[in-house]
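Student: I have a structure open and want to talk through what is inside it. Can we start with the cysteines?

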Amino acid sequence: MKLIRIILFPIVPIYYLITRLRNWMFDVGIKSSKSYDFPVICVGNLSTGGTGKTPMIEYLIRLLKDNKNLATLSRGYKRKTKGFVLADEAANADTIGDEPFQFYRKFKDVRVAVDADRQNGIAELRRLQPQPLVILLDDAFQHRKVKAGFNILLTAYNNLYYKDMVLPTGNLREPRSGAKRADLIVVTKCSKDITEIEKQKIASKLKLHNHQQLFFSYVDYGSNVISDSEAMELTKLSKFTLVTGIANAKPLVEFLNEKGLKFDHLEFSDHYNFTPSDIETLASKSLIITTEKDYVRLSTNEKLKSKLFYLPIEIKIDKPEVFSTAVKVFVS
């Protein structure tokens, strides 16, 4: 893959110019963006996946749901349906995608919808009664046809966007200059003990604009692994099989190794569609630990239910009061 990316380097300037031109056309009004008179918050990134958008959406849900009628809107990546779909009791990962289905399972008082056309998705959500007062857009930073009132841009600590370049040689979906659209920038997946000196160095490299605020976050793993029917203490587990189908499993693997746990790791690509052969392989294992995103897809299989658990995560943000105030001021 690295060799292919190097070979494709001559395409980088073309991709850069096309995406830069596209952004300029939206910025000056040649291409139209739809604005809204109610709060729309976009969570996204410049790079291709793996920055922690799902836990950030969940963080915002927990922050706002007790005081605001919320809805989430995602594309529904790799779902088997088309158009606008509102999650209901019949929803699953095939109908709405794994991450939206995760939202639906956890937050029954929040409407969860998918639509590749975000304008149409927002319009459909606003037709519901009672009407959602705040809409959270999942992974829509490059969806310029919608102009969110508030943009939260995520960049992973181990792959900060200022060190990267655009596709196909790099991982950026658009030039780094696109970061200027963000109101808040969050460096995700930091170590818990990141120093203030290191934060200042990163801040200087990111070259924030006057309207932007910078935060740092880390992943907080649960102490128990969970299934639909029980929980087990993580540190008391004997050898197990770790199954991941996410963009970057390295932080999770490092965490489990630090705990001194014994496990085999079956690593699949992000949003991987498990085949019948994969299921048979997994069914031969005695205990499987996976991520919550993978759990919502695998747990529907009867062969795996009794042996399948997930390790829950939440993000912790430095200056949580400042972050909370910035978001709540916007939605008030």
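Tutor: Yes. This is a predicted model. C42 is buried, because its relative accessible area is 1%, under the 20% cut-off.

Student: And C190, buried or exposed?

Tutor: C190 is buried too, with a relative accessible area of 8%.

Student: How many disulfides turn up in the whole structure?

Tutor: Zero, after a search of the whole structure.

Student: Next, the largest nonpolar core. Which residues touch the most other members?

Tutor: I41, M56, L60, I152, F323 and V327, out of 36 residues in that core.

Student: Which helix gives the largest share of this core?

Tutor: Helix α3, residues 53-64, with seven residues.

Student: What is F323 in contact with, leaving aside neighbours within four places in sequence?

Tutor: M56, Y59 and L60, then I152, L184 and V186, and also F215 and I317.

Student: Which residues are in the second core?

Tutor: Among them are I122, L137, V146 and I185. That core is separate and has 32 residues.

Student: Why would nonpolar side chains be buried together?

Tutor: That is a general tendency in soluble globular proteins.

Student: Changing topic: where is D183?

Tutor: D183 is in the loop between β6 (150-156) and β7 (184-188). Beyond four places in sequence, D183 touches G149, F150, N151, H211, Q212 and Q213.

Student: What lies 2.8 Å from a polar atom of the D183 side chain?

Tutor: The backbone nitrogen of N151.

Student: And how far is D183 from V327 in space?

Tutor: 9.9 Å, C-alpha to C-alpha, though D183 and V327 are 144 residues apart in sequence.

How values were computed:
Residues numbered from 1 in each chain as written. Predicted model: local features only at pLDDT ≥ 70, side-chain atom pairs only at ≥ 80, totals over all residues. Heavy atoms only, no water. Core = buried A, V, L, I, M, F, W, Y, C linked by side-chain atoms within 4.5 Å. Buried < 20%, exposed > 50% of the residue type's maximum accessible area, 1.4 Å probe, protein only. Helix = DSSP H or I, 4+ residues; strand = E, 2+ residues; numbered from the N terminus. Contact = heavy atoms within 4.5 Å. Polar contact = N/O pair within 3.5 Å; in protein donor to acceptor, adjacent residues only side chain to side chain. Disulfide = S-S within 2.5 Å.
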